[in-house]
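Let's take a tour of the aromatic rings in this structure. Have a look at the model first, and then we'll go through it bit by bit.

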Amino acid sequence: MTDSNMAQLGSMALNGSSPKKVAYFYDSDIGNYAYVTGHPMKPHRIRLTHSLIMQYDLYQQMEIYRAKPATRGEMTQFHTDDYIDFLQKVTPDNMDSYMREQGKYNVGDDCPVFDGLFEFCGISAGGSMEGAARLNRQKCDIAINWAGGLHHAKKCEASGFCYVNDIVLGILELLRFMKRVLYIDIDVHHGDGVEEAFYTTDRVMTVSFHKYGEYFPGTGELRDIGVGQGKNYSVNFPLRDGITDESYKSIFEPVIENVMKYYQPEAVVLQCGGDSLSGDRLGAFNLSMDGHANCVNYVKSFGLPTLVLGGGGYTMRNVARTWAFETGVLVGQEMDRTLPYNEYYEYYAPDFELNVRASNMENSNSREYLEKITAAVIDNLRQTGPAPSVQLQDVPRKPFGGMTDEEEAELDDLDEDENKDVRMTEHRWDKRIEHRNEYEASDDDELARANGATRRNGNKRTFSDFRKGEKETESGNASPANPENGSTPGEPAAEEAPDANDDTIDEIAAAEQERDAAADKPEEPKDKEFQMEIDDDKEKETEKEKPKENEHEKEKEPENENGVGEEKANGHETEKLSVHVQEKANGHERKKESGAERKTENGAEKERGKEKEKEKELELEKEKEKEKEKEGEKEKEREREKEQEQEQEQEQEQEQEKEQEKEAEKEKEKKEEMTDADGDAEMADAEAEREAVFKKEDEEPERTTQEPTPLADESPKEKPAEEPATPAAAASSAEKESLGKNKKPASVSPTGSEPLALEKAAEAAKTDSPAKEKEVNSPDAMDIDQDKSDTEKTKPASATES
């Protein structure tokens with residue numbers, strides 16, 4: 001095969017032709033996946049980007065592909081088998097049974113488990129691998145996959161919202177055909193997963209511009225340059241907060257220029273993380289949309305096969321704007337800064353512009369710091385030596401990911417066989433690239449609408465019309481002196497009604513201004529002017545006919561040929577005037593019809609817009625209702641939990657009350673036992689006191705027996721009379737009698753005087769009232785008796801004893 005034939009096999013851009021062939025990979029299912037509630041990563045941003053790409057008609061300059069999701073075998077070219085098996089098995093329902101694996105593979109907080117996790121990773125990795133395969137086969141010059149760029153995932157570990165590293169898989173596919181691949185990362189975070197994968201090889205150079213210093217993932221120092229064979233092939237440019245467009249451009253272009261000079265890559269992989277934009281939720285840079293896109297445009301200017309990927313970006317509206325604008329940069333199409341209406345139009349309020357402006361954030365990157373880091377990076381690049389190469393070897397026929405040429409040809413043949421009578425199928429429409437110099441736009445509007453694209457300026461391409469407009473004919477200016485085409489001086493040129501699809505550029509520009517004014521202005525003045533013109537024409541006709549009738553009456557000559565000719569001429573003139581009037585009327589009617597058509601079209605567009613807005617409002621209301629229902633269910637659950645808690649509290653209170661009652665009963669029993677014991681003790685004390693009293697009484701008669709007998713001279717009458725016994729003494733004596741029944745009788749003296757006194761006292765006590773008996777039994781009476789007995793004991797001895 002000659003060199004010319006080899007050149008024909010290459011792509012247009014690589015062979016020196018100006019336009020680049022761009023392949024765009026998008027899967028409509030990507031927006032259906034969502035991380036857990038409140039997570040900053042939103043796959044829905046890919047859907048917003050695609051909507052803008054379709055509305056800006058960028059799809060006409062690209063081939064659109066829906067890549068086959070990556071399989072388990074394709075993912076395990078970089079990741080371990082057990083890690084991919086875990087991602088394939090784990091779901092939110094069974095994640096509790098994989099707690100050990102979640103800790104092992106770092107799946108949990110930043111990288112949660114959600115529905116469709118493995119399918120989401122397959123779509124992301126499949127687009128990057130298919131794009132790399134098409135670059136290898138020179139089917140395109142630039143491949144775009146905004147769903148890719150997940151640069152934090154490790155070989156057997158998830159990290160930084162990334163599970164499967166599609167970038168590494170795409171680079172491995174490129175290395176099948178390319179000797180050296182350059183990876184550029186403009187995400188605000190360091191691309192640690194890609195750097196780690198190729199840290200020891202010289203076939204891939206990784207260049208990362210990122211924030212460094214107390215920031216995730218904490219790697220990417222200037223001194224991290226690779227090890228072994230890969231030494232000096234890892235380039236890190238650490239930055240500080242608030243870098244601006246000018247500062248970023250001053251470091252990006254020199255570094256990439258020297259990388260291209262010393263490394264000479266054969267393909268480029270560009271990660272366009274949107275979190276380096278100003279105003280990002282997690283970012284710390286101050287780049288505008290133009291500053292971010294400048295990096296893409298500069299990499300594109302080297303003309304190398306380029307795989308463009310997404311990445312971070314957590315303010316959806318800014319990410320969608322930037323990636324759509326960068327898609328226009330890659331296809332070479334200028335884009336209007338006023339956003340076209342789309343299904344996510346309300347996301348871009350309040351300005352509705354295709355722009356992300358920088359803020360007044362302070363730039364912590366001084367010029368001296370940036371120049372110092374740039375000089376150190378370029379010095380490391382000089383030490384890389386000559387561009388590395390590899391030994392020639394057979395390239396495997398089957399690619400790691402994506403389709404071969406034979407498989408793609410089979411799909412084309414299958415599409416033709418299944419749709420023999422269809423002029424434009426979905427498969428052909430995706431691969432069709434519209435030439436920019438086409439006179440008329442494509443008439444495949446049904447497929448365009450089905451894929452989310454709508455025509456903004458009519459159905460056909462506009463062109464310039466240099467004929468006189470309607471305003472000149474209606475302005476009242478005189479008609480030219482020398483009419484053309486045989487028209488009379490009083491006859492204006494015939495006017496043609498403009499076609500709604502053939503509007504000129506000037507008319508389109510003025511149409512939008514006239515639409516609002518036409519609705520406010522009444523149509524009656526135009527009708528009056530038209531009626532006045534008709535009346536003027538009729539007056540002219542009558543004025544011309546009157547002199548002719550007068551002349552005819554005066555002459556009263558017979559009709560001749562001249563007269564007939566004059567009448568014919570007059571009739572011809574009247575016919576012309578009537579034709580002129582009819583033409584004017586037809587012109588006005590056409591104008592009215594065209595205006596009405598335009599109004600109806602505008603009204604229909606407005607109605608469509610209103611219907612769409614109503615549909616969106618209904619959807620929002622439905623979502624709100626669903627949220628309210630969910631909140632109501634949550635509230636019901638909370639109420640149930642509260643009721644359960646209250647019931648538990650009541651049960652606990654009842655149990656406590658029962659325990660308190662039991663304790664009170666026990667205390668009562670103890671008190672009763674104590675009272676019984678006290679009563680027994682009191683009875684014992686009383687008995688002891690009574691025994692003591694009886695002992696004293698027994699001792700007193702013994703003492704009396706020892707007293708001497710009276711003399712013979714003394715008679716019993718001379719003995720002093722005893723004092724009458726007090727009631728208390730009588731009571732005590734009665735008690736003693738009652739208690740001493742069962743005891744031995746006390747000894748009586750020979751004289752018998754004391755027993756008689758006791759008997760008298762007992763009789764006196766019997767005559768007392770029962771109340772006095774109670775007083776006798778009282779403890780006070782007992783104390784008195786005891787005092788008396790004590791005094792008796794202390795009396796002086798008798799005369800006989802002395």
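## Charges over rings

This is a predicted model, and a good place to start is Lys211, which lies over the face of Tyr215, 5.3 Å from the ring centre.

Arg240 does something along those lines too: its charged end sits over the ring of Tyr369, at 3.9 Å from the centre of that ring.

## Rings that pair up

Now for rings meeting rings. With centres within 6.5 Å as the cut-off, the count comes to 24 aromatic pairs. Take Phe86 and Tyr98: their ring centres are 6.0 Å apart and their planes sit at 70 degrees, so this pair is edge-to-face, given that anything over 60 degrees goes by that name.

Where do the two partners sit? Phe86 is in helix H4 (residues 81-89), while Tyr98 is in the loop between H4 and helix H5 (99-104), so to speak 12 residues along the chain from its partner. Phe86 counts as buried, because its relative accessibility is 4%, and the limit for that word is under 20%.

## A link across the chain

Phe114 and Tyr163 make another edge-to-face pair, 6.1 Å from centre to centre with 70 degrees between the planes. Phe114 is in the loop between H5 and helix H6 (117-136), and Tyr163 is in the loop between strand E3 (142-145) and helix H7 (166-174), so the pair ties together parts 49 residues apart in sequence. Both Phe114 and Tyr163 are buried.

## A cluster of rings

Pairs can also join up. Phe209, Phe237, Tyr248, Phe252, Phe285, Tyr298 and Phe302 are linked into a cluster by ring pairs.

Terms used
Residues are numbered from 1 along each chain as its sequence is written. This is a predicted model: local features need pLDDT of at least 70, side-chain atom pairs count only at pLDDT 80 or more; totals for chains, interfaces and linings use all residues. Side-chain values use heavy atoms; hydrogens and water are left out. Rings of Phe, Tyr and Trp (its six-membered ring) pair if their centres lie within 6.5 Å; planes under 30 degrees apart count as stacked, over 60 as edge-to-face and the rest as tilted. Helices (H or I, at least four residues) and strands (E, at least two) are DSSP runs, numbered from the N terminus. Buried means under 20% relative accessible area, exposed over 50%, partly exposed in between (1.4 Å probe, protein chains only). A charge sits over a ring if NZ of Lys or CZ of Arg is within 6 Å of the ring centre and within 35 degrees of the ring normal.
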